[in-house]
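Trainee: I am new to this structure. Please take me closely through a single part, and then show me what lies around it.

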Amino acid sequence: MMKNHTKEIFAILCLLGAMLFHTNCRRPTGDNSVAMGDTITMKYASLLTIVKYDGYTTVSIANPWKEGTSLHQYVLVDKTKDLPASLPEGTVVRIPIEKAVVFTASHSQLMEWLHAEKQLAGVADLKYMSLPWVHEGVKQGVIADCGDGMNPVIEKIIDLQPDLMMLSPFENSGGYGQLEDIHIPLMECADYMETSALGRAEWMKLYGMLFGKEQEADSLFNVVLESYNGLKARAQEMPKGRSIITEKLTGSTWYVAGGKSTVGQLITDANGTYAWADDPHGGSLSMTFETVLDKAGDSDVWIFNHFGSGRLTYARLAAEYPGYKQMKAFKEHNTWYVDTQKVKYFEEVPFRPDFLLRDYLCLLHPEMGLGQPKYYTPVAD
């Protein structure tokens with residue numbers, strides 16, 4: 001009996017050894033292939049992993065809402081070459097992209113900076129894009145207006161026959177409806193979920209690869225990095241800056257930037273004083289006005305975004321919500337806003353966070369003599 005049992009164990013071990021041998025001899029796929037590829041260094045982006053192999057490149061996007069899981073995997077293949085006989089799992093994207101439909105203003109702006117404007121075939125949510133060249137392209141018929149981002153005109157997108165659609169994913173969105181059924185690769189641009197400004201900006205390395213503008217993207221990111229870190233270093237040499245509160249009421253809720261959010265980190269890098277600096281959240285915190293007033297009502301500076309409808313005045317702000325008059329920055333007329341209808345804030349800031357950091361320094365450290373902010377304008381008396 002013991003002899004037979006030993007034979008059975010030996011047979012099982014041999015079988016396992018054979019299985020391992022064959023597994024190691026197969027072409028690696030998925031995560032097992034990372035060790036054999038050339039990983040592109042991402043110093044700041046935490047959600048993006050890019051690995052180059054012979055004949056293709058894998059792009060893995062981590063799920064920002066469920067740690068340890070994947071949101072999407074892509075396989076980029078040069079369109080001038082045949083598809084390799086064997087590819088890992090993922091959405092295949094043939095590059096460079098010649099025609100893209102883009103759902104976001106920031107990615108459209110980045111295409112201009114990468115000199116890839118002619119590769120923009122269509123846009124969604126045109127009314128929210130403060131990009132004259134895009135509006136002119138639509139007017140001339142070289143860029144298609146594909147309608148509302150939440151309900152795009154599918155027929156227009158199909159007629160364009162784009163190589164790629166680029167849009168921002170959302171938690172529990174339930175998918176992308178008909179866009180998933182038209183057999184056009186869909187890039188889930190989760191860059192906005194990075195918790196650092198430089199982390200989001202570093203995604204331009206991926207977008208440069210998509211449009212055949214890898215060198216341009218690397219060069220631009222180096223400019224951003226040098227500018228941002230230079231401003232940050234100057235700020236850290238200054239005494240602690242003014243205190244600041246961001247945003248304002250949306251309905252009955254004030255969405256305060258968490259301490260580990262992009263805005264929270266920008267304030268830290270600007271060496272400013274922020275009531276929620278020690279908060280561990282990477283997103284927004286839902287607050288009542290009373291809570292914000294109690295914790296940050298004595299902030300020296302108040303900044304927020306505002307969409308159009310003419311120059312904003314203190315009288316209009318008080319009419320919007322009388323409680324604002326209790327805030328120190330309101331009383332001392334040190335309240336600033338971005339008119340997002342006129343200023344290319346959402347278009348530029350995601351990939352040029354150095355521009356926004358400079359604005360913060362202008363407001364929090366006026367003694368630095370940097371001049372007027374690029375995006376923020378003072379509320380009028």
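**A helix and its surroundings**

Mentor: Start with helix α8, residues 262-269, whose buried residues are G264, L266, I267 and D269. Keep in mind that this is a predicted model. What do the buried residues of α8 pack against? Their partners are helices and strands alike: α5 (197-201), α7 (214-236), β13, β15 (253-257), β16 and α13. Just past the helix, look at N271. It follows α8, and its phi is positive, near 60°.

Now follow two of those partners, β13 and β16. Both belong to an open sheet of five strands. The order is β16-β13-β18-β19-β20, and the pairing is mixed. Which strands stand at the edges? They are β16 (273-274) and β20 (377-378). Each has a single partner strand, so one side of each is left without a neighbour in the sheet. As for pairing in general, strands of a sheet are held side by side through backbone hydrogen bonds, either parallel or antiparallel.

Take the β20 end. Strand β19, residues 335-339, pairs with β20 in the antiparallel sense, over two bridges. Y337 stands opposite T377 in β20. Helix α13, residues 353-364, packs on this sheet. It touches β13 (243-246), β18 (301-306) and β19. The direction of α13 makes about 140° with that of β18. Recall that α13 is also one of the elements that the buried residues of α8 pack against.

Next, turn to another strand, β11, residues 164-167. Are its faces covered or open? Both are covered. L164 and M166 lie on one side, M165 and L167 on the other, and all of them are buried. In a regular strand, side chains alternate between the two faces of the sheet. Strand β11 also has pairing partners. Strand β6, residues 100-102, pairs with β11 in the parallel sense over three bridges. There, V102 has M166 as its bridge partner. Strand β12, residues 186-188, is likewise parallel to β11, joined by three bridges. In that pair, L167 stands opposite E188.

End with a single residue, T58, in strand β3, residues 56-62. Why is T58 called buried? Its relative accessible area is 5%, and the cut-off for buried is under 20%. Leaving aside residues up to four places away in sequence, T58 touches T49, I50, V51, Y53, Q73, Y74 and P88.

Key. Residues are numbered from 1 along each chain as its sequence is written. This is a predicted model: local features need pLDDT of at least 70, side-chain atom pairs count only at pLDDT 80 or more; totals for chains, interfaces and linings use all residues. Side-chain values use heavy atoms; hydrogens and water are left out. Buried means under 20% relative accessible area, exposed over 50%, partly exposed in between (1.4 Å probe, protein chains only). Helices (H or I, at least four residues) and strands (E, at least two) are DSSP runs, numbered from the N terminus. Two strands pair if DSSP finds at least two bridges between them. Contact means heavy atoms within 4.5 Å. Axes are lines fitted to C-alpha atoms, for helices over the stretch in contact, and angles run from 0 to 180 degrees between N-to-C directions.
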